Amino acid sequence: MPAIADGPIIEARGLKRTFKIRKGTVEAVKGIDLTVQPGEIVGFLGPNGAGKTTTLRMLCTLLAPTDGTATVVGCDLRDDPVGVRRRIGYVAQSGTTTGEAVAGQEIVSQAQLYGIDRKTATERGKALLKSLDLDGIWDRKCGSLSGGQRRRLDIVMGLVHEPKLVFLDEPTTGLDPQARANLWHHIRDLRDRLGTTIFLTTHYMDEADSLSDRILIVDGGKVVAQGTPQELKQRVSGDAITLTLRGRKDTAQASEIIGGFEGADTPNVDGNVVRAHLPDGSTALPQLLRALDKAGVDAIGLEVARPTLDDVFLTLTGRSLRD
Ligand SMILES: Nc1ncnc2c1ncn2[C@@H]1O[C@H](COP(=O)(O)OP(=O)(O)OP(=O)(O)O)[C@@H](O)[C@H]1O
Ligand SMILES: [Mg+2]
């Protein structure tokens with residue numbers, strides 16, 4: 001048995017994948033290093049074509065790397081692909097269920113592939129369906145389910161054997177806001193209850209932000225940044241502070257006060273509005289208010305806007321993830 005006790009659950013070095021196409025080649029993944037610890041929820045965030053699915057498919061042994069090495073749940077990707085597959089769950093971006101198949105039977109067959117008996121599979125499958133608000137679909141044909149129901153069924157199929165590590169490729173695409181929120185809750189619960197490690201791709205910034213312990217931002221086949229959502233956002237110039245004064249007379253003094261905060265950039269004055277960035281705006285706020293008050297500066301509005309992951313992406317790549 002491979003030792004999986006203490007080390008990382010995923011360790012990849014220099015993973016690359018090139019595809020041959022009619023006119024030349026596509027470098028889909030250009031050398032990715034990854035380290036994921038057991039029990040982490042890691043978000044793999046990037047725009048269309050960034051190389052997310054290709055990376056995931058390599059880590060799940062569905063696609064051979066052109067170069068690089070990886071160990072997944074203690075098994076070497078090249079030497080022991082069967083070992084990897086036995087220990088992981090994978091929910092493909094495109095889904096797996098087929099039209100005529102009956103949902104419950106699909107779940108049971110999937111579990112049986114992993115040596116789970118029918119009774120346990122049925123119990124677990126029904127509990128998972130319930131937790132994802134899919135009660136009552138057990139006897140339904142997959143083809144008769146709505147897109148969002150089918151997506152959640154894919155997820156149940158990827159979880160029914162209770163793998164230590166689950167790869168979810170765009171798990172919430174096609175789900176309505178309530179189903180998305182419910183799935184997020186379920187993913188967190190899975191980690192908290194069973195210690196499951198979750199590696200998910202998404203191009204939803206809010207999803208990566210609220211769900212992930214750590215985010216890897218990928219673009220053009222490379223990891224361009226990584227950290228906790230908080231760390232990544234702090235790499236942007238800081239929180240945007242907008243101070244509105246009653247008139248223009250105090251702008252110079254207000255600028256001096258804000259500019260004097262540790263880590264502040266040079267304030268910008270526009271009429272009676274002073275704008276600046278502070279590394280941690282909400283912590284600085286009470287102090288800033290006191291300082292303005294003490295100096296007799298007549299403020300009529302003060303706003304703090306936290307940077308988003310899109311600001312991070314924009315800073316890193318010069319493009320918006322929303323495009
Ligand atoms: N089988 C293939 N043959 C040729 N090119 C491919 C193949 N699979 C992926 N690519 C190319 O590799 C690049 C990365 O694709 P990939 O599917 O990994 O991106 P992604 O980050 O998952 O994007 P999306 O958000 O759209 O799912 C793209 O340019 C894609 O066209
Ligand atoms: Mg993809």
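In the predicted model, Gly43 stands opposite Leu200 of strand 8. These residues belong to a pairing between strand 3 (residues 41–45) and strand 8 (residues 197–202), which run in the parallel sense and are joined over five bridges. In general, the strands of a sheet pair through backbone hydrogen bonds, in either a parallel or an antiparallel manner.

Strands 3 and 8 are part of an open sheet of six strands, ordered 6-7-8-3-9-10, with mixed pairing. Strand 6 (88–91) and strand 10 (222–227) each have a single partner strand, so one side of each has no neighbour in the sheet. On average, neighbouring strands of this sheet are turned by 15 degrees against each other, direction ignored. Helix 11 (residues 309–317) lies across strand 3, strand 9 (214–219) and strand 10, and runs at about 40 degrees to strand 9.

The largest pocket has a volume of about 330 Å³. It is lined by 15 residues, of which Arg85, Ile88, Tyr90, Gln110 and Tyr114 are the closest to its centre. Two or more lining residues come from each of helix 2 (81–87), the edge strand 6, helix 3 (103–113) and helix 5 (147–159). Seven residues of this lining are nonpolar, five are polar and three are charged.

The second largest pocket holds about 190 Å³ of space. Its lining has 15 residues, and Leu128, Glu162, Leu190, Arg193 and Leu194 lie nearest its centre. Helix 4 (118–131) and helix 6 (177–194) each give at least two residues to this lining, and helix 6 supplies the largest share, five residues. By class, the lining of the second largest pocket has eight nonpolar, three polar and four charged residues.

How values were computed
Residues are numbered from 1 along each chain as its sequence is written. Chains are lettered from A and ligands numbered from 1 in the order in which they are written. This is a predicted model: local features need pLDDT of at least 70, side-chain atom pairs count only at pLDDT 80 or more; totals for chains, interfaces and linings use all residues. Side-chain values use heavy atoms; hydrogens and water are left out. Two strands pair if DSSP finds at least two bridges between them. Helices (H or I, at least four residues) and strands (E, at least two) are DSSP runs, numbered from the N terminus. Axes are lines fitted to C-alpha atoms, for helices over the stretch in contact, and angles run from 0 to 180 degrees between N-to-C directions. Contact means heavy atoms within 4.5 Å. On a 1 Å grid over the protein atoms alone, a cavity is a set of points where a 1.4 Å probe fits but cannot get out, and a pocket is an open set with protein on both sides within 12 Å along at least five of seven lines; lining residues have an atom within 4 Å of a point. Grid points are joined across faces, edges and corners, and a volume is the space filled by probe spheres set on the points. Ala, Val, Leu, Ile, Met, Phe, Trp, Tyr, Cys and Pro count as nonpolar, Asp, Glu, Lys and Arg as charged, and the others, Gly among them, as polar.
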